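Thanks for making time this morning. I would like to walk you through one structure, so please have the sequence and the model open while I talk.

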Amino acid sequence: ADLLQGTDITPEQERWSLFGKQNLELTDNIALFAEGLFTQRTIQNLGAANFPLQMYVPKSNPFYVDLTGDGLPLQVLTGSTAYFGAPTDSDRIDTGNFSLGLSTSEWHDWTLSGFVGYTFEKQHLEQHGVANQTALLAAVADSNPATAFNPFGAGAADNNPATLAAIAGTSTEDIWSTVKTLQVSATAPSL
């Protein structure tokens, strides 16, 4: 079976960019410059066919089947799609680059220049279709047939929608990075 069937090779993307640049001559010997770039990228992706669901089903689960006759919990490894739908990713990435600088040749043919810069990237990733492992284990251990999780049936059709809603989760990750720059340079007149 093709485990990647139905996934996106190239995810849907939306991009926005804004750029500005300004040079300003304050005097014959002093110049000011500024530059800025902001971008935003949003990505919607139909991800892998399944996230793994791993659990030990105890004898207290009303759907437990004692295959070996020893009454020990059964290890079950299955996928999330049958219970929570196809997994999806939603990713938003904001980036910015900004700088402000000054150059002058006011002092006896010396040239002095400098700038400050700030760069950032902020990423917010959400993965839908994952299971909250704590809620899954509690639902597997539940002895009530109306609310217990049934890993042996036909997925969502054989489980209480409220039980699945309590187990369904979203994985969220936020990443933030910045770089701050300061540069100053001076050039002496030629001898």
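**A walk through the model**

Let me begin with N150, which sits in the loop between α2 and α3. Before going further I should say that this is a predicted model, so please hear every distance and area in this talk as a computed value. Is N150 buried or exposed? Its relative accessibility is 7%, and because the cut-off for buried is under 20%, N150 counts as buried. The side chain of N150 reaches the backbone nitrogen of G153, at a distance of 3.2 Å. If we set aside residues up to four places away in sequence, N150 also touches F63, Y83, D158 and N159.

From that loop I would like to move to the nonpolar core. The largest nonpolar core has 14 residues, and those with the most contacts inside it are M55, L136 and F149. Which elements each supply at least two residues of this core? They are the strands β3 (52-57) and β4 (74-79), together with the helices α1 (81-84), α2 (133-141) and α3 (161-167). As general background, nonpolar side chains in soluble globular proteins tend to be buried together. If you click on M55 and leave aside its neighbours within four places in sequence, you will find it in contact with L74, Q75, V76, T78, L136, L137, V140, F149 and P151, and two of those partners, L136 and F149, are the residues named beside M55 for having the most contacts inside the core.

Staying with β4 for a moment, G79 has its place in that strand, and with 13% relative accessibility G79 counts as buried. G79 and F51 are 28 residues apart in sequence, yet their C-alpha atoms are 5.6 Å apart in space. Apart from residues up to four places away in sequence, G79 touches N50, F51 and L53.

The loop between β3 and β4 gives us two further residues to look at, V65 and L67. V65 is partly exposed, with a relative accessible area of 39%, whereas L67 counts as exposed at 69% relative accessibility. Outside its neighbours within four places in sequence, V65 is in contact with L74 and F152, and L74 is also among the contacts of M55. Two distances help to place this loop: V65 and T39 are 26 residues apart in sequence and 55 Å apart in space, C-alpha to C-alpha, while L67 and G169 are 102 residues apart in sequence and 31 Å apart in space, again C-alpha to C-alpha.

Now to the charged residues. How many salt bridges does the structure hold? It holds 1 salt bridge, formed by D94 with R92, where the closest N and O atoms are 3.3 Å apart. D94 counts as buried, at 10% relative accessibility, whereas R92 is partly exposed, with a relative accessible area of 39%. D94 has a further polar partner, since the side chain of Q40 makes a polar contact with the side chain of D94 at 3.2 Å. Q40 lies in strand β2 (residues 30-46) and, at 18% relative accessibility, counts as buried. With residues up to four places away in sequence not counted, Q40 touches E14, R15, W16, R92, I93 and D94, a list that includes both members of the salt bridge.

Finally, let us turn to the surface. L24, L26, L32, L100, L102, W107, W110, L112, V116, L182 and V184 form a nonpolar patch there, with about 1000 Å² of accessible area together. The elements that give two or more residues to this patch are β5 (88-104), β6 (111-131) and β7 (168-187). L182, one of the patch residues, has its place in strand β7 and counts as exposed at 65% relative accessibility.

Beside it, please look at F115, which lies in strand β6 and counts as partly exposed at 25% relative accessibility. Leaving out residues up to four places away in sequence, F115 touches F33, S99, L100, G101, T181, L182 and Q183, and of these L100 and L182 are members of the nonpolar patch. The C-alpha atoms of F115 and A34 are separated by 9.0 Å, although the two residues are 81 residues apart along the chain.

Notes: Residues numbered from 1 in each chain as written. Predicted model: local features only at pLDDT ≥ 70, side-chain atom pairs only at ≥ 80, totals over all residues. Heavy atoms only, no water. Patch = residues over 30% accessible without salt bridge, like charges linked within 9 Å, V, L, I, M, F, W, Y side chains within 5 Å. Areas by Shrake-Rupley, 256 points an atom, 1.4 Å probe, with all protein chains shown as cover. Salt bridge = Lys/Arg side-chain N within 4 Å of Asp/Glu carboxyl O. Helix = DSSP H or I, 4+ residues; strand = E, 2+ residues; numbered from the N terminus. Buried < 20%, exposed > 50% of the residue type's maximum accessible area, 1.4 Å probe, protein only. Core = buried A, V, L, I, M, F, W, Y, C linked by side-chain atoms within 4.5 Å. Contact = heavy atoms within 4.5 Å. Polar contact = N/O pair within 3.5 Å; in protein donor to acceptor, adjacent residues only side chain to side chain.
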